[in-house]
Every structure is written in C-alpha cells, then in structure tokens.
Amino acid sequence: MAIPFSRSMRSLAADGFRLSGSVLAIAALLVAAWLMWFASAQVTVFEVSEEARVEVITASHSVDAPVNGQILTSYVTLGKHVERGDVLLVLEAETEELKLEEEVTTRQSSQTELEGLRRQIEAQLSALAGMRRGHEIEVEQRQAQHSAAQARLEEAENNLARSRKLFDEKLYSDQELGADVAKEKVERATATSLGLQIQRAREENVALERAKIAEIEGLEQRASQLEGGISRSASTEARLGVELEKRQIKAAISGTLGDVAQHMRPGGFVEAGERLFTIVPSGAKHVVAEFAPSEAFGRIREGQSARLRLDGYSWTQYGTVAAIVNQVGSETRDGRVRVELTIKSVPDGIVLEHGLPGELEVEVEAVTPAVLVLRSVGRMVEGA
C-alpha cells in the first residue's frame, strides 16, 4: 500500500540529514578550536600570599620600657613626628636623684680631704728629706770631732811612749810621766765618748726617720682609702646616671609615633619590658609578603611581576598596586618564607602607609590549560 505524502517524507528526510551534518561540522570545529586552545594557549599562574603588608624600607623601631616607673612627663602622641634624640617620656626618679646628689657630695668632700692629705704628704716627704740631710750633717760633724779626738789620742799615746822611755833612762820625772799618762787617759775617754755619741745619734736619727715614715705611711693609707671611696662613688654616680638616663626615654631614630600604648600620659605606670610605642621612620616603602615554603621555593624569583590588593581599598574601585619581586628569603621563619617587593606603580586615590595589609599575587609562570589539568590529576593521584 502506498504511503500518503511519500514525496514530502523523502524531502523532509533529506533536509534533516543536511542539518545534522552542519551541526556536526560546527561541533567538530569547536572541539578542534578548544583542543588547540587547551594544548597551546598560555594561562598565567599566580601564587597568592598568606599575608602581605606595606612597610617602610628602613625598619621601624619599637620602644620598650627599660625600667619600672611612673610617668612624670609625656610628649608621646600618636602620629607625632619626632627627631632622633628628642625626649619622649620622663619617668619619676626622685630616689635615684637623691642618691646621686648624696654620692656627689661624698665624692667632693673626699676629694677635698684627699687634696689636703696629698699636700701633707708632700710636706712630710720634704721634712723627711730635710731631716735625713740634717742627720747626715750632724753625723759628719760628730765623725769629724771623733777623728780629731782620735788624732789627739794617737799623739798622746806617742808622747806617753816617749815619756816612759825617758823615764826608764832616768831622764823624765814621775810628775812629768804622770801628766802624760793623765793626758792620754783624757784623750782616750774623749775619743770613746765621741764614738758613742755618733752611734747614739745614728740610732736616734733612725728612730726619728722611722716615726716620720710611719706618719707618712698613715697619711698615704688614708689617701688610698679616700681614693678607693672616690672611685666607688664615681662608679655609683655612673650607675645612677645610667639609671636616670633610662628614665628619660628618647627617640632613637627620626620618624612618626605609632602603636602608642593607652596610658602614655603623666601619672601612668609602666613596667620594664612593656611595649610603649613604635617609631616609624620616614622614607621609601616596599611590600613584604609571606608565603608557604612550597609556594615560594623554586617558584617565586627576583624580577617577577606582582600585584597587591589592599584591604583598605576596594580593588574593583581603586585597582591594585603593581610591584616587582626584589628578594626572596632563603630560610623559613615560623613556617613561612619572606618575600620583599619593590613598588612599581600606585593607582590614583591610594595613599600608602606603613602597615597597610593586603593580599599579594605573584605571576610565577605561564602554562597551557593541559598542563594545569595534568597537574591537578597528578595531585589527585598523589592524594588518593
């Protein structure tokens, strides 16, 4: 039985085949284009930091309280610009000042006494030298007298010997011999007495010199004690000076005050080691970011481009800060790798300040989508 509208059916069948062939051809072209893109297109790969911030190139200086104390005077205000050497805080130091004044008074008194002792010692040394010279002259005079007495004694002995000889020859009378004997005895006694006087004078001179030396040694001992006391006072003054210096907290560098503690006003109390404030130096800024070791080592290198999205500025409105990798840390710290970047350009409307946080993206490589897929598959296999 013939099918009604057989020609219409054949026409429709022919048209449907041509339509399907066109769709397949288009699909094949799309697949080929996708495969070509998949295998040859370059896709930029970014490594995203765990943390990033803007910092001044010169490191900021944190100031901690060196000692416990109550704030007497405060010149600390958040955002204030200070110059190196400016006094920012003065802590109460009445006890140390009183001790220092006492030590200064004691030292000055000891120095005055020491100067007097030194003059006495010089005078006593001069007196000792004069005494020794006087004793030497006295002994020399007595020795001269003794020498003269010895000469007279020798002459008397010679006369007595001649008198005895003449007496034996009956040429000399008893009276004349007796007179020569008496004279010899007198000269001998005189010489002996002068010799004893020399010995006694020497002994007396030695005793006097020893007494003078002992007096001088006593003065020198007292002077030595004073010198020791002065030295100790000077050391104490230096220590108290350091303590007073600690109670005057000065700016170690020039910059702007930041991170100021709340109680930085007169009457507040600070404890040793407590963070008081931070001085942020003026100057050029750079970007510092921290990455996981697996993301940084071997992937982030000097010269790579990066972009910083600041938390305080919407990147869709203000854009991102362009930067270039300047230095990559060679070791981890707290499980992270530090990366420093030079700022290349800053969009209008963004004001860079020290400490601004954000997120950093570093262009580490450009690879095909096929490589990315293969890497993902490899990670999946490794994790399975």
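What follows is a walk through the helices, loops and strands of this structure. Keep in mind that this is a predicted model, where local features need pLDDT of at least 70, side-chain atom pairs count only at pLDDT 80 or more, and totals for chains, interfaces and linings use all residues. Residues are numbered from 1 along each chain as its sequence is written, and side-chain values use heavy atoms, with hydrogens and water left out.

Let's begin with the helices. Helices here are DSSP runs of H or I with at least four residues, strands are runs of E with at least two, and both are numbered from the N terminus. Helix α2 covers residues 94–168 and helix α3 covers residues 174–246. How far apart are the end C-alpha atoms of α2? The distance is 108 Å, which agrees with the 111 Å that its 75 residues should span at 1.5 Å a residue; the expected span is 1.5 Å times one less than the number of residues.

Two packed helices are described by the angle between their axes and the distance between the axes. For α2 and α3, the angle is about 170° and the axes are 7 Å apart. The axes are lines fitted to C-alpha atoms, for helices over the stretch in contact, and the angles run from 0 to 180 degrees between N-to-C directions. The two helices are therefore roughly antiparallel to each other, a label for angles over 145 degrees (under 35 is roughly parallel, 65 to 115 roughly perpendicular, and the rest oblique). The residues of their contact divide into 30 nonpolar, 18 polar and 28 charged. Here Ala, Val, Leu, Ile, Met, Phe, Trp, Tyr, Cys and Pro count as nonpolar, Asp, Glu, Lys and Arg as charged, and the others, Gly among them, as polar.

Now for the loops. Lys 170 sits in the loop between α2 and α3, and has a positive phi of about 65° although it is not a glycine. Is Lys 170 buried or exposed? Its relative accessibility is 74%, so it counts as exposed; the cut-offs are under 20% relative accessible area for buried, over 50% for exposed, and partly exposed in between (1.4 Å probe, protein chains only). Asp 259, in the loop between β8 (255–258) and β9 (269–270), also isn't a glycine, and its phi is positive, near 50°. At 53% relative accessibility, Asp 259 counts as exposed.

Glu 302 belongs to the loop between α4 (293–296) and β12 (305–310), and is exposed at 64%. Leaving aside residues up to four places away in sequence, Glu 302 touches Val 325 and Asn 326, where contact means heavy atoms within 4.5 Å. The C-alpha atoms of Glu 302 and Asn 326 are separated by 5.2 Å, with their positions 24 residues apart along the chain.

On to the strands, which pair if DSSP finds at least two bridges between them. Strand β11 (residues 285–291) is mostly covered, with 6 of its 7 residues buried. Strand β2 (residues 51–56) pairs with β11 in the antiparallel sense over 6 bridges, while strand β14 (residues 337–345) and β11 pair in the antiparallel sense over 5. Val 288 of β11 is the bridge partner of Arg 53, and Val 288 also has Glu 340 in β14 as a partner.

Elsewhere, 4 strands form an open antiparallel sheet in the order β7-β6-β4-β9. Its edge strands are β7 (248–250) and β9, each pairing on one side only. Strands β4 (residues 69–74) and β6 (residues 87–91) run antiparallel and are joined by 3 bridges; Ser 74 has Leu 89 in β6 as its bridge partner.
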